[in-house]
Amino acid sequence: MTMKTFAIAAVSTLALTVAAGAQDKLEIKYTVPSVPTDLHTQAMKVFADKLEELVPGRFDIQLYDSGSLFAQGADLDALQRGNAEMTYVSYQLIADAIPEYGLLTAGYLFQNPQHYRAFLGSDIGAEFKQRVSDDMGIQLLDACYLGTRQVNLRTARDVQTPDDLAGVKLRMPSSDAWLFLGQALGANPTPLPFGEVYLGLQSGTIDGQDNPLPSVEAAKFYEVTEQIVLTSHLVDAINVAVNNQTWEQLTDDEKAAMTEAAIASCDWNNEKRVADEERLVSFFEEQGLTVTTPDVDAFRSHVQDFYLNSDRAAAWPEGWIEQINALAAE
């Protein structure tokens, strides 16, 4: 072989190696319905950067926000079909698929972000994650704090107890578990995609919505509402999830790296959200909203009784409420 031929062959081999390396990249389409200003949307970038740092060049991570790839409600289906690889999955969607886990969506159960992580790291948390993997085809990597949900009303009213929300068309996400929570609060739950909530409030199609304060700010709902009622009815979290088709292609080291990246993204999100919640009451008052605190004990009692006296409570795993409550104290 001449030197020229050898050089051509070497270049060709190098080109093939580079091409093969590019083909070996595992595509990760990470899709969410939330807007770019929302913290858990921004946390996706933290995840992507951390994963690239831990496993350089292994993944082609593509981030899609605002429902630009799949709308709210369609993203989980996309994961299960293999049309996307990652999204955030709420406990409410899990409860729709596995009804006994409706327990995890009950109002006034979890107390703070650390409580969710304590649950996921416990024996019953491991059982929960395995069942979700078996039945839904997804892996739960960590729980990102979404915030403590409050009621946000288009027109101010005196709200002290759940009776004062009677007849209020309260927007809730379109799943059975969410709608049940709306009923438990005493309102008339109305399903509406997140992307339509601003217009719904503006036009009067709905009378209010419930979300954590950072989401109210990010989506600018304060522009079309008059009041925030600090019911604190749900300390909410969403799970960073990857489908099993993708998970099963990973080595143990890559699985550990993806989990570490998910935890890093949730750490970033959680710190920012807690700080935001502390400042936002004053911000909303400056925007002209009335911020009130109702009889939270009356709401807690009503909501818990509503769940415990429902048919769905009969399916809850025995002893889990006590174990989850005990985890909050550890």
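A salt bridge, for our purposes today, is a side-chain nitrogen of Lys or Arg within 4 Å of a carboxyl oxygen of Asp or Glu. Keep that in mind, and keep in mind too that what we're looking at is a predicted model.

Okay, let's try the definition out. Take Asp297 and Arg300: their side chains meet in a salt bridge, with N to O at 2.8 Å. Both of them lie in helix α12, which covers residues 296-308, and they're 3 residues apart, so about one turn of the helix. Are these two buried or exposed? Well, Asp297 counts as exposed, because its relative accessibility is 55%. Arg300 has 31%, so that one counts as partly exposed.

While we're here, salt bridges can share partners: Glu27, Lys29 and Glu85 are joined into one network that way. In total, the structure holds 16 salt bridges.

Here's another pair, Lys50 and Glu53, whose side chains meet in a salt bridge at 3.4 Å, N to O. These two sit in helix α2, residues 39-54, and again the spacing is 3 residues, about one turn of the helix. Lys50 is partly exposed at 21% relative accessibility, and Glu53 is exposed at 53%.

Now for a pair that isn't inside one helix. Arg117 forms a salt bridge with Asp142, and the closest N and O atoms are 2.6 Å apart. What does this pair tie together? Arg117 is in helix α5, residues 113-120, while Asp142 is in strand β4, so the salt bridge links parts that are 25 residues apart in sequence. Arg117 counts as partly exposed, with 27% relative accessibility. Asp142, on the other hand, is buried, because its relative accessible area is just 6%, and the cut-off for buried is under 20%.

Right, on to the nonpolar side. In soluble globular proteins, nonpolar side chains tend to be buried together. In this model, the largest nonpolar core has 53 residues, and the members touching the most others are Leu104, Phe119, Phe128 and Ile138. Which element gives this core its largest share? That's strand β4, residues 138-153, with 6 residues.

Let's zoom in on Leu104. Leaving out residues up to four places away in sequence, Leu104 touches Tyr91, Leu109, Phe110, Phe119, Phe128 and Ile324. And there's another core lying apart from the largest one: this other core has 27 residues, among them Phe59, Cys144, Val240 and Ala257.

That's my tour, so go and find Arg117 and Asp142 in the structure, and look at how they meet in a salt bridge.

Definitions and conventions
Residues are numbered from 1 along each chain as its sequence is written. This is a predicted model: local features need pLDDT of at least 70, side-chain atom pairs count only at pLDDT 80 or more; totals for chains, interfaces and linings use all residues. Side-chain values use heavy atoms; hydrogens and water are left out. A nonpolar core is a set of buried Ala, Val, Leu, Ile, Met, Phe, Trp, Tyr and Cys residues joined through side-chain atoms within 4.5 Å. Buried means under 20% relative accessible area, exposed over 50%, partly exposed in between (1.4 Å probe, protein chains only). Helices (H or I, at least four residues) and strands (E, at least two) are DSSP runs, numbered from the N terminus. Contact means heavy atoms within 4.5 Å.
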